[in-house]
Amino acid sequence: MAGFRSLAYQVRDARNDRALRRHSLRRCLERFAPYGHRATWWHLCDRHGIAPEDRGADPLRLVAALEELEDARTVWLEYERQFAERRRREKYHGLRRPEWAWGGSGDAVVRCADPGVRPEGALGEVLRRLVRALESEPGTACPVCGDTELRWPEVAPVGPWEGALAWDGPVCAGCGIVVPRPALADFPSTDAA
């Protein structure tokens, strides 16, 4: 099973045919897809002029999309490294449970409720905004775009955390991400959907 860097090498390798290079880029999304696989793919296609189903996409466009994805991955890996370092220090000093932590993982750091609605800008810039929000106190607005209009899903679990995952939360009307509940200082009752 190839890792992200190995797949990225295949995207850049001019000896590979276009279909393999595109396939390798899609497989990179199995390792790191900040908006979720489909939403990240559509984002990269929109930003770099790639038709989502084009098996013979321009290699220069594929490499540009890969570079955007790599930039975002670098931002996120650095955040994870710093978070792990901080948690080691906190545990050493007796703080066993962080007050707040982002529950994201490489498969969907900034999950989008609808793959067709995504934050504006390059992935790396969106993740930089997210990291700035993560390093501050939880707020009442979207940590990515700052919009305060957060819409709760129609079907919500009973009680603020009962039966819910940390990723269950309102959808930002501005950029379409699902805002994790831990990112919100005072999240409204789930009755107000």
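What percentage of the 193 residues in the chain is buried? In this predicted model, buried residues account for 40% of the chain's 193 residues. The secondary structure amounts to five helices and two strands, and a walk along the sequence gives the pattern α-α-α-α-α-β-β. Contacts across the sequence are also part of the picture: of the contacts between residues at least 6 apart in sequence, 64% join residues at least 24 apart.

The helix pairs are a good place to begin. Helix 1 (residues 4-12) packs against helix 2 with an angle of about 160° and with the two axes 8 Å apart. An angle over 145° counts as roughly antiparallel, and helix 1 and helix 2 are therefore roughly antiparallel to each other. The crossing of this pair is left-handed. On the helix 1 side, the contact is built from Phe4, Leu7, Ala8, Gln10, Val11 and Arg12, while helix 2 contributes Leu20, Arg21, Ser24, Leu25, Arg27, Cys28 and Arg31. Sorted by class, these residues come to seven nonpolar, two polar and four charged.

Helix 2 (residues 18-31) also meets helix 4, and here the axes come within 10 Å and cross at roughly 15°. With angles under 35° counted as roughly parallel, helix 2 and helix 4 are therefore roughly parallel to each other. Their crossing is left-handed. Arg18, Arg21, Arg22, Leu25, Cys28 and Leu29 of helix 2 touch Pro59, Leu62, Val63, Ala65, Leu66 and Leu69 of helix 4. This contact holds nine nonpolar and three charged residues, with no polar ones. Readers following individual side chains may notice that Arg21, Leu25 and Cys28 of helix 2 appear in the contact with helix 1 and again in the contact with helix 4.

Which residues of helix 3 and helix 4 make the contact between these two helices? The axes of helix 3 (residues 37-48) and helix 4 (residues 59-92) come within 10 Å and cross at roughly 125°, which makes helix 3 oblique to helix 4. The crossing is right-handed. Helix 3 brings Thr40, His43, Leu44, Arg47 and His48 to the contact, and helix 4 brings Arg61, Ala64, Ala65, Glu68 and Leu69. By class, the residues in this contact are four nonpolar, three polar and three charged. Ala65 and Leu69 of helix 4 take part here and are also among the residues that meet helix 2.

Further along helix 4 comes alanine 72. Is alanine 72 buried or exposed? Its relative accessibility is 0%, so alanine 72 counts as buried. Leaving out residues up to four places away in sequence, alanine 72 touches Phe32, Leu123, Gly124 and Leu127. Alanine 72 is also 8.2 Å from arginine 128, C-alpha to C-alpha, although the two are 56 residues apart in sequence.

Helix 5 (residues 123-134) has 12 residues, which at 1.5 Å a residue should span 16 Å, and its end C-alpha atoms are indeed 16 Å apart. The buried residues in helix 5 are Leu123, Gly124, Val126, Leu127, Leu130, Val131, Ala133 and Leu134. Helix 3 and helix 4 are among the elements that cover them. In an α-helix there are 3.6 residues a turn, so residues three or four places apart point the same way. Leu123, Gly124 and Leu127, listed as buried in helix 5, are also residues that alanine 72 touches. Arginine 132, another residue of helix 5, is partly exposed, with a relative accessible area of 48%. The C-alpha atoms of arginine 132 and proline 143 lie 8.4 Å apart, with their positions 11 residues apart in sequence numbering.

The final stop is cysteine 175, in the segment after strand 2 (171-172). With a relative accessibility of 2%, under the 20% cut-off, cysteine 175 counts as buried. Which residues does cysteine 175 contact, leaving aside its neighbours within four places in sequence? They are Val117, Arg118, Pro119, Cys142, Val144 and Cys145. Cysteine 112 lies 63 residues away from cysteine 175 along the chain, and the C-alpha atoms of the two are separated by 8.4 Å.

Note on methods:
Residues numbered from 1 in each chain as written. Predicted model: local features only at pLDDT ≥ 70, side-chain atom pairs only at ≥ 80, totals over all residues. Heavy atoms only, no water. Axes fitted to C-alpha atoms, helices over the stretch in contact; angles between N-to-C directions. Helix = DSSP H or I, 4+ residues; strand = E, 2+ residues; numbered from the N terminus. Parallel < 35°, antiparallel > 145°, perpendicular 65-115°, else oblique. Left-handed = near helix turned anticlockwise from the far one by under 90°. Contact = heavy atoms within 4.5 Å. Nonpolar A, V, L, I, M, F, W, Y, C, P; charged D, E, K, R; others polar. Expected span 1.5 Å × (residues − 1). Buried < 20%, exposed > 50% of the residue type's maximum accessible area, 1.4 Å probe, protein only.
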